[in-house]
Amino acid sequence: MSTTSRHSGRARRGLPLAAAAAVVLAAVTLGAAAVRLQAVPTSVEAVGTARVVTVTARDYAFTAPDTLLAGRTEVRLVNEGPELHHAAIVRLDDGKTPADFVRAMQAGGPPPTWMHEVGGPNAPAPGRTSTTIVDLEPGTYMFLCFIPSPDGKPHVMKGMMKAVTVVPASAATVAAPVSTGAGAMSTRPEPDVTMTLRDYGFDLSAPLTSGSHVVRVRNEAAQGHEVLFVRLAPGKTPQDVVAWVEKPAGPPPGMPLGGTVGMARGVSNDVVLELEPGEYGLLCFLPDAGDGKPHVAHGMMRQITVK
Ligand SMILES: [Cu+2]
């Protein structure tokens with residue numbers, strides 16, 4: 001089954017946020033090409049403080065607090081594997097429940113209009129962590145993994161979802177005990193590079209250099225998009241990544257580092273990255289609103305050189 005048909009199928013089943021079919025980058029071990037994520041930038045230009053929440057992913061479940069405080073939140077996704085996982089965060093309109101979400105997913109059809117893609121950390125390789133900062137307003141949220149298993153089933157269909165309630169920070173002080181699991185605070189430098197997602201491409205405000213970065217990823221396109229960062233193996237290209245995802249034969253052409261999962265128009269997330277010199281791929285696997293094909297098939301992939 002091709003990536004294309006798999007994504008089409010997912011689109012038909014109403015899994016709009018289908019993401020990183022990158023999937024199978026799972027087994028990836030690039031050895032020396034180790035890229036550390038979540039390293040604390042050394043810049044003293046500390047302007048952005050966020051609450052830290054650690055989310056653990058495994059086959060096929062999330063471990064995360066039931067309740068979070070509203071505001072800027074640094075989500076650290078720890079993938080315990082063995083498969084690849086991401087944490088797509090969607091907010092449900094007031095009055096909609098996690099049960100409504102499950103019913104809508106099972107019913108298929110187009111994505112419900114009461115569900116909003118707010119991003120979240122994209123997939124790190126198994127055994128690794130990816131860190132993405134999101135802004136959470138009070139409401140009902142679902143953490144979801146749309147990455148398919150080798151059998152073609154997205155993990156969400158295997159129950160990989162977690163309902164999270166976000167409450168106003170002020171309310172939390174009186175609602176005891178609020179188990180936010182988010183006691184720690186993190187201070188990051190202001191984003192130094194902005195990536196704008198378009199139909200269908202990735203625009204960078206400046207070249208990404210080796211070292212620590214906070215990349216502000218903003219979707220200004222009509223459609224929802226994601227960005228998956230992949231550290232490419234020597235001589236490999238983003239096209240090789242797509243081909244390998246469709247038919248995972250031979251050694252993987254790269255190692256996934258994270259990024260942001262699907263974001264609706266107007267949403268932005270900050271991605272924390274530690275980059276080594278080398279070649280990287282930027283890819284979007286979200287299904288197209290028009291033809292259901294993953295956006296990589298519409299050219300939404302890019303190779304960049306980090307010096
Ligand atoms: Cu896209």
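**Strands, a copper site and a few side chains**

Let me begin with one residue pair, Met195, which stands opposite Val217 in β13. Please keep in mind throughout that what we are looking at is a predicted model.

That pair belongs to a longer pairing, since strand β11, residues 193-198, runs alongside strand β13, residues 211-219, in the parallel sense, and the two are joined over five bridges. On the other hand, β11 also pairs with strand β12, residues 201-204, and here the sense is antiparallel, over four bridges. Within that second pairing, Arg198 stands opposite Gly201 in β12, and the connection is a hairpin, with two residues between β11 and β12.

Now to the metal, where I would like to ask which atoms coordinate the copper ion. The ligands in the model are ND1 of His225, SG of Cys284 and ND1 of His295, at distances of 1.9 to 2.1 Å. Written as a sequence pattern, the donor residues follow the spacing H-x58-C-x10-H. The two histidines bring distant parts of the chain together, with His225 in strand β14, residues 225-232, and His295 in the loop between β17 (278-283) and β18 (301-306), 70 residues apart. Are these histidines buried or exposed? His225 has a relative accessible area of 0% and is therefore classed as buried, the cut-off being under 20%, and His295, at 0% relative accessibility, counts as buried too.

Let me turn next to strand β16, which covers residues 268-275 and contains Glu274. You may wonder whether a glutamate at this position is buried or exposed, and Glu274 turns out to be buried, because its relative accessible area is 13% and the limit is under 20%. The side chain of Glu274 has a polar partner, as a contact of 2.5 Å joins it to the side chain of Ser212.

Leu273 lies in strand β16 as well, and with a relative accessible area of 2% this leucine is buried. Leu273 and Phe229 are 44 residues apart in sequence, while their C-alpha atoms are 9.5 Å apart in space.

Finally, a word on aromatic rings, where the question is how many aromatic pairs a search of the whole structure finds. The answer is zero. A ring does take part in another kind of arrangement, however, in that the charged end of Lys158 sits over the ring of Tyr60, at 5.3 Å from the ring centre.

Technical notes
Residues are numbered from 1 along each chain as its sequence is written. This is a predicted model: local features need pLDDT of at least 70, side-chain atom pairs count only at pLDDT 80 or more; totals for chains, interfaces and linings use all residues. Side-chain values use heavy atoms; hydrogens and water are left out. Two strands pair if DSSP finds at least two bridges between them. Buried means under 20% relative accessible area, exposed over 50%, partly exposed in between (1.4 Å probe, protein chains only). A polar contact is a pair of N or O atoms within 3.5 Å; within protein, one must be able to donate a hydrogen and the other to accept it, and residues adjacent in sequence count only if both atoms are side-chain atoms. Donors are N, O and S atoms within 2.8 Å of the metal (3.2 Å for Na, K and Ca); water is not among the atoms, so sites may look incomplete. Rings of Phe, Tyr and Trp (its six-membered ring) pair if their centres lie within 6.5 Å; planes under 30 degrees apart count as stacked, over 60 as edge-to-face and the rest as tilted. A charge sits over a ring if NZ of Lys or CZ of Arg is within 6 Å of the ring centre and within 35 degrees of the ring normal.
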